[in-house]
Structures are given as structure tokens and as C-alpha cells.
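I opened this notebook to look up charged side-chain contacts and open space, and I write down below what I found.

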Amino acid sequence: MQIPFSSIKREKKEIEFLFVQDNDELNIKGSIFKDKDQLVCMDLSLKGKIEVDCTICAEPFLIEINEEIKLKVSDKIVKNSEFDSLNESYDIIESLDCKIDFEEIIRGEINTIKLDYFKCKNCQEKDKKEE
């Protein structure tokens, strides 16, 4: 789902959609609006299941996630000096094609989560037996 940057207004709009890709399935809920600096602010909740690989044996398995993300999207390049004043508690994303691509943003968040350390049940049980 893509939304033109120019169509986002200052008043908060509630959004909700289902994101499905391969074995990942997330319910996305939240709000979207433009702030005083004309940046698009997104406060989103990601709930559902994603497939990750076990760090020990590399077997894929599903985990439940319940993540809150706060993003600001800029339609121009944000310089380092501007970044500090914009940062607050939001992550900054640059969207130079003047569109907000929700699927790309959610894929990026999922990929960040997948970089974490995960152990499948089998590897957890092996660790318990060795103790």
C-alpha cells in the first residue's frame, strides 16, 4: 500500500491493515499525520507472527511479536544537523519518491527484528539438558 506524501494531512488518521508475506502475518494499527515541520509521523503497532531462523541450528520457526514503532518520514534528504532536532523518540525515514510505501517500511522493520538472536525449542531444550 502506497500513499502519496502530499495526501497526508495534519489531523491524525487512524489506519489498520494486514501485512502478509511468506510465513509472516502482522496486524498493523496506528495513526498517521503531518507535524509542524511537514514530516509524516506514524505511530504503529505490529502484532502477529513472523518466521525467524534459529541462531544455533538455522531451522526456521515462528515467533509472536508485539512491537510499537514511531517513525517520521521526510520527502527530502535529512542532514545530520537536522536529524538531532527531529529525532525525539521517532526513527527518521527518507522517502525521496514522495510516496509512503507501507509494505517497504514494514518489511524493513521485520528484517530488523529478524537480525536478533533466536533459539528454537529444540536448541533451548538441549541447553537445559546440558545444565
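Glutamate 103 and arginine 107 were my starting point: both sit in helix 2 (residues 102-114), 4 residues apart, about one turn of the helix, where helices (H or I, at least four residues) and strands (E, at least two) are DSSP runs numbered from the N terminus. I noted that their side chains meet in a salt bridge at 3.9 Å, N to O, the term standing for a side-chain nitrogen of Lys or Arg within 4 Å of a carboxyl oxygen of Asp or Glu. Glutamate 103 counts as partly exposed at 37% relative accessibility, and arginine 107 counts as partly exposed at 32%; here buried means under 20% relative accessible area, exposed over 50%, and partly exposed in between, with a 1.4 Å probe and protein chains only.

I should record that this is a predicted model, in which local features need pLDDT of at least 70 and side-chain atom pairs count only at pLDDT 80 or more, while totals for chains, interfaces and linings use all residues. Residues are numbered from 1 along each chain as its sequence is written, and side-chain values use heavy atoms, with hydrogens and water left out.

I then asked how many salt bridges there are by this rule, and the count comes to 5. One of them joins the side chains of aspartate 35 and lysine 72 at 3.1 Å, N to O. Aspartate 35 lies in the loop between strand 3 (24-34) and strand 4 (40-53) and lysine 72 in strand 5 (residues 60-74), so this pair ties together parts that are 37 residues apart in sequence. I found both aspartate 35 and lysine 72 to be buried.

I looked next at lysine 70 and aspartate 43, whose side chains meet in a salt bridge at 3.5 Å, N to O. Lysine 70 belongs to strand 5 and aspartate 43 to strand 4, so the pair links parts 27 residues apart in sequence. Lysine 70 is partly exposed, with a relative accessible area of 34%.

Last, I turned to the largest pocket, which holds about 180 Å³ of space. Its lining includes Gln2, Val73, Ser95 and Asp97, and the elements that give two or more residues to the lining are strand 6 (91-94), strand 7 (99-101) and helix 2. Strand 7 supplies the largest share of that lining, 3 residues. A pocket is an open set of points on a 1 Å grid over the protein atoms alone, where a 1.4 Å probe fits, with protein on both sides within 12 Å along at least five of seven lines, and lining residues have an atom within 4 Å of a point.

Definitions and conventions
Points joined across faces, edges and corners; volume = space filled by probe spheres on them.
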